[in-house]
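Take a look at the model below. We will walk through it one piece at a time.

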Amino acid sequence: MGAALREWLLRAADDELIIGHRHSEWTGFGPDIESDVALSSIAQEEIGHARLFYEMVCRVDGAGDPDRLAFGRPPGEFRHAVLVERPNADWGTSLLRLFLYEHFDRARLEVAAQSTYRPLADLAGALRREEKYHLLFGEAWVRRLGAATEESGERMRAALAAVWPDAMDLVEGTEADALLAQSGALPQTPEALRRAWTEGVAVVLAESRLPVPEVAPAAEGLRGRRGQHTVDLDALLGEMTSVRRLDPQARW
Amino acid sequence: MGPARRLSALEQDVWAVFRQATKHDPHVYVGDVHASDPEMALLLAKEQYARRDPCVNLWVVRYSQIFATDYGDADMFRPATDRSFRFGGSHRDQQRVYREAGRRRDDEE
């Protein structure tokens, strides 16, 4: 049970850290100062949430260092979905990814809030306050860009076709999920989570004139939840850990 | 000053942002945001102006909906004779009202 819970926590932590890092790459490059500040702020919050989940992993382990989990692991030990490690393209693609991810994160935190592992249930309750804004922000951009002009609609449809196969990786489960569901620690199966997520995003996408593409789930067969990642993650970790690698013993 | 124009989702207008610190405070002007519509203006205002300071409510108002006096007329606000009698500070009842309002706010915060 401890191992399954640890895996679940690591997934959440890695998702938040990696998408937070990608969002932070927009700082200084947003389409206007207000949106730049808002996305930078969201990036900070995601990385803050990652820290809380890493601390919980250490608690489950009975030892460890959250910074080492974030900056000291090889790519194969990361458990985030492939969707969040992809490089940013245009603003619309990043906000579409944010929207797809936040919808999933909301569904995930709803389950976590019912966990019998009390520290997780409490944490999920607190995080939902901030995540609510993230989802509103993403949804507002998707609705506007999807339906604003012919060009914006076309670009958003292309973005959706590009990110959709990776997005399915968000709701991929492993053996850990069955264990957690059985024990009642996290009372939901990956299938139910996938259904809730797909139905939720489909409504907004349809209203934004962005029909869900007919793509086989996880077309590339990548399984971020099993530690299978792309070279995009190698590049991201190279950059994200560069300062720490200068002096791994330094105190911050 | 013409009537408010309806913008497309990608055009932007300037909005004045008003922040309310507690339910019993007035909304106070804190700055501007650029946005295409009220919903986006509120979303952006939240991160620009309610990140650090306490906030329970935000207003946004499109600048074209605000009507203003002319700075050229600023001298009309300057009294020509002594009007200190208009400040009720020397009245005992006025002081009591200020004190109680301050206490009520302290209790609620």
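Read along its sequence, chain B of this predicted model follows the pattern β-β-α-β-α. That pattern holds two helices and three strands. Of the 109 residues in chain B, 25% are buried. Contacts in chain B also span the sequence: among those between residues at least 6 apart, 52% join residues at least 24 apart.

Start with the strands. Strands of a sheet pair through backbone hydrogen bonds, either parallel or antiparallel. In chain B, three strands form an open sheet in the order 2-1-3, and the pairing is antiparallel. Strand 2 (28–35) and strand 3 (57–62) of chain B stand at the edges. Each of these two has a single partner strand, so one side of each is left without a neighbour in the sheet. On average, neighbouring strands of this sheet are turned by 30° against each other, direction ignored.

Now take the pairings in turn. Strand 1 (residues 13–20) of chain B pairs with strand 2 of chain B over seven bridges, in the antiparallel sense. Within this pairing, Asp13(B) stands opposite Ala35(B) in strand 2 of chain B. Helix 1 (residues 38–49) of chain B packs on the sheet. This helix touches strand 1, strand 2 and strand 3 of chain B, and its direction makes about 125° with that of strand 2 of chain B.

Strand 1 of chain B also runs antiparallel to strand 3 of chain B, and six bridges join the two. Here Phe18(B) stands opposite Trp59(B) in strand 3 of chain B. Trp15(B) shows both pairings. Its bridge partner in strand 2 of chain B is Val33(B), and its bridge partner in strand 3 of chain B is Arg62(B). Strand 1 of chain B is mostly covered, with six of its eight residues buried.

Which side chains of strand 3 of chain B are buried, and which are not? The side chains alternate along this strand. Leu58(B), Val60(B) and Arg62(B) point to one face and are buried. Asn57(B), Trp59(B) and Val61(B) point to the other face and are not buried.

Pick out Val60(B), which lies in strand 3 of chain B. Why does Val60(B) count as buried? Its relative accessibility is 18%, and buried means under 20%. Apart from neighbours within four places in sequence, Val60(B) is in contact with Trp15(B), Ala16(B), Val17(B), Pro38(B), Ala41(B), Leu42(B) and Ala45(B). Trp15(B) is 45 residues away from Val60(B) in sequence, but their C-alpha atoms are 5.9 Å apart in space.

Next, look where the two chains share a lining. The largest pocket holds about 270 Å³ of space. Residues of chain A in its lining are Glu45(A), Arg129(A), Glu130(A), Lys132(A), Tyr133(A) and Leu136(A). Chain B adds Leu42(B), Leu43(B), Lys46(B), Glu47(B), Ala50(B) and Arg51(B). Leu42(B) thus appears here as well as among the contacts of Val60(B). Helix 6 (118–147) of chain A and helix 1 of chain B each supply at least two residues of this lining. Helix 6 of chain A gives the most, with five residues. By class, the lining has five nonpolar, no polar and seven charged residues.

Finally, turn to the enclosed spaces. How many cavities of 30 Å³ or more are there? The count comes to two. About 200 Å³ of space lies in the largest cavity. Of the 18 residues that line the largest cavity, the closest to its centre are Trp8(A), Arg11(A), Asp177(A), Gln188(A) and Leu193(A). Helix 1 (2–24), helix 5 (91–112), helix 8 and helix 9 (190–207) of chain A give two or more residues each to this lining. The lining has 10 nonpolar, three polar and five charged residues.

One of these lining residues deserves a second look. Asp177(A) sits in helix 8 (residues 175–183) of chain A. Asp177(A) is buried, with a relative accessible area of 10%. Not counting residues up to four places away in sequence, Asp177(A) touches Trp8(A), Arg11(A) and Pro190(A). Trp8(A) and Arg11(A) are also among the residues closest to the centre of the largest cavity.

Definitions and conventions
Residues are numbered from 1 along each chain as its sequence is written. Chains are lettered from A and ligands numbered from 1 in the order in which they are written. This is a predicted model: local features need pLDDT of at least 70, side-chain atom pairs count only at pLDDT 80 or more; totals for chains, interfaces and linings use all residues. Side-chain values use heavy atoms; hydrogens and water are left out. Two strands pair if DSSP finds at least two bridges between them. Helices (H or I, at least four residues) and strands (E, at least two) are DSSP runs, numbered from the N terminus. Axes are lines fitted to C-alpha atoms, for helices over the stretch in contact, and angles run from 0 to 180 degrees between N-to-C directions. Contact means heavy atoms within 4.5 Å. On a 1 Å grid over the protein atoms alone, a cavity is a set of points where a 1.4 Å probe fits but cannot get out, and a pocket is an open set with protein on both sides within 12 Å along at least five of seven lines; lining residues have an atom within 4 Å of a point. Grid points are joined across faces, edges and corners, and a volume is the space filled by probe spheres set on the points. Ala, Val, Leu, Ile, Met, Phe, Trp, Tyr, Cys and Pro count as nonpolar, Asp, Glu, Lys and Arg as charged, and the others, Gly among them, as polar. Buried means under 20% relative accessible area, exposed over 50%, partly exposed in between (1.4 Å probe, protein chains only).
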